[in-house]
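Biologist: Could you walk me through this structure and show me what stands behind each term?
Modeller: Gladly, let us look at it together.

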Amino acid sequence: MPSEIPDAQAAPNYDLATMPALRNDLYLRAARGEATERAPVWCMRQAGRYLPEFRAIRVENEFFRVCRTPALATEVTMQPIRRYPELLDAAIIFSDILVIPQAMGLQVEMVPGKGPHLPEPLREPRDLARLVDQCRGFSADRELDYVYKAITNTRHALAGHVPLLGFVGAPWTLMAYMVEGGGSKTFAEAKAWLFRHPQAAHELLRRIAAVAAEFLVGQVRAGAQALQVFESWAGELSPRDFSEFSLPYLAQIAAHVKQRCPDVPLTVFAKGAHYALEQLATETAFDVISIDWTVNPAEARARVDRALRGAPGRRRVVLQGNLDPTLLFADEDTLRRRTAEMCTAFGGGPHIANLGHGMMPSHDPERLRVFLETVHKASRALR
């Protein structure tokens with residue numbers, strides 16, 4: 001079982017009192033379960049390769065250079081806000097989940113046309129010795145300070161227009177990349193670790209969870225107003241293995257962050273883990289559960305509500321999602337109809353509209369505009 005996450009080491013102070021006052025708090029109110037006049041809406045990967053202005057920056061800048069240069073990260077974060085100023089209700093800092101493996105000592109490259117590549121992955125338990133950790137003076141605040149600077153810069157650039165989200169990758173997802181050396185169709189290497197070396201797997205997951213929790217708290221200190229944890233490869237695990245190798249670490253991170261930052265909304269996106277809705281709602285402290293497009297929103301709402309009835313003391317858990325991203329390739333009439341159907345399926349209660357996964361490089365930015373406009377209209381009608 002995972003051990004307790006240690007407190008963060010001494011970290012730089014960021015003067016949140018100087019941050020511009022927030023003018024659109026729709027996302028934050030919905031994430032806290034409050035009634036809203038319509039569903040707030042934002043999109044995972046809303047700053048990215050589907051935008052020509054992003055591609056222009058990438059012509060002269062390697063991917064992780066953009067992540068590591070606060071001015072560039074701020075510029076990219078602001079691009080969709082400028083393009084859809086009255087339609088998006090949140091910004092999410094431009095970064096990558098793999099900055100944590102980098103900070104822990106692994107080399108991570110972003111290969112054009114291929115995606116992330118780790119040239120020296122963890123192949124055996126003895127490879128854990130290559131990682132730096134808190135026992136040897138490691139500090140997420142020191143190693144990832146460039147993300148904090150980008151968050152602070154972006155809060156000022158947003159001028160209170162919408163709240164700013166921070167994020168991390170979840171332990172199992174990061175472990176999968178660290179062992180596989182990149183993406184995979186089967187994640188055979190990473191899953192083999194779980195079964196051949198369970199003790200070492202738990203040790204690695206524990207270390208990642210400690211860094212992720214410290215990093216999230218640091219993002220709040222730097223100015224993040226809400227947070228999301230991406231368990232992108234949850235669906236690669238069976239329900240039994242999710243319960244052992246993912247859920248405890250998600251719960252541990254959430255408990256630590258809520259203890260330190262109780263008023264900051266916290267979201268989990270466990271893609272493919274439709275079987276774990278009840279566990280995520282009752283066994284973790286997440287305020288929002290984001291669901292992918294394979295889950296029926298009405299059924300998800302009913303399942304979560306049933307589970308919470310047996311867990312007194314829990315405030316309502318909000319759902320986020322969940323339009324299939326490929327519907328942005330459909331004609332406008334189909335996209336409008338299916339988006340309205342999605343809003344209706346979530347009902348009139350607190351709901352944060354989003355895609356069921358991230359924006360794709362070949363998406364037309366104008367189709368995203370149609371999605372955003374339809375959410376505004378359809379969700380307002382439901383209220």
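**Terms and values, one by one**

Modeller: Leaving out residues up to four places away in sequence, S243 touches P248 and Q279, where contact means heavy atoms within 4.5 Å. This is a predicted model, in which local features need pLDDT of at least 70 and side-chain atom pairs count only at pLDDT 80 or more, while totals for chains, interfaces and linings use all residues. Residues are numbered from 1 along each chain as its sequence is written, and side-chain values use heavy atoms, with hydrogens and water left out.

Biologist: Why is S243 called partly exposed?

Modeller: Buried means under 20% relative accessible area, exposed over 50%, and partly exposed in between, with a 1.4 Å probe and protein chains only. S243 has 29% relative accessibility, so it counts as partly exposed. S243 sits in helix α11; helices (H or I, at least four residues) and strands (E, at least two) are DSSP runs, numbered from the N terminus.

Biologist: What makes F242 and Y275 an edge-to-face pair?

Modeller: A search of the whole structure finds nine aromatic pairs. In the pair of F242 and Y275, the centres are 5.7 Å apart and the planes meet at 80°. Rings of Phe, Tyr and Trp (its six-membered ring) pair if their centres lie within 6.5 Å; planes under 30 degrees apart count as stacked, over 60 as edge-to-face and the rest as tilted. Both values fit, so the pair is edge-to-face. This pair links distant parts of the chain, 33 residues apart: F242 is in helix α11 and Y275 in the loop between β6 and α13. F242 is at 0% relative accessibility, so it counts as buried.

Biologist: Which residues do ring pairs link into a cluster?

Modeller: They are F54, F63, F64 and F94.

Biologist: How do you know that the length of helix α10 agrees with what it should span?

Modeller: The expected span is 1.5 Å times one less than the number of residues. For the 25 residues of α10 (198-222) that should be 36 Å, and the end C-alpha atoms are 36 Å apart, so the two agree. Of the 25 residues, 20 are buried, so α10 is mostly covered. After α10 comes G223, with a positive phi near 135°.

Biologist: What is notable about phi in A159 and F187?

Modeller: Most residues other than glycine have a negative phi, and most peptide bonds are trans. A159 has a positive phi, near 55°, and F187 has a positive phi near 50°. A159 lies in the loop between α7 and β4, and F187 in the loop between α8 and α9. A159 has a relative accessible area of 36%, so it is partly exposed; F187, at 0%, counts as buried.

Biologist: Where is a cis peptide bond found?

Modeller: From G321 to N322, with omega near -10°. N322 is in strand β8.

Biologist: Which residues lie nearest the centre of the largest pocket?

Modeller: They are R45, R49, F63, D96 and M110, out of 40 lining residues. On a 1 Å grid over the protein atoms alone, a pocket is an open set of points where a 1.4 Å probe fits, with protein on both sides within 12 Å along at least five of seven lines; lining residues have an atom within 4 Å of a point. The largest share of the lining, three residues, comes from β3.
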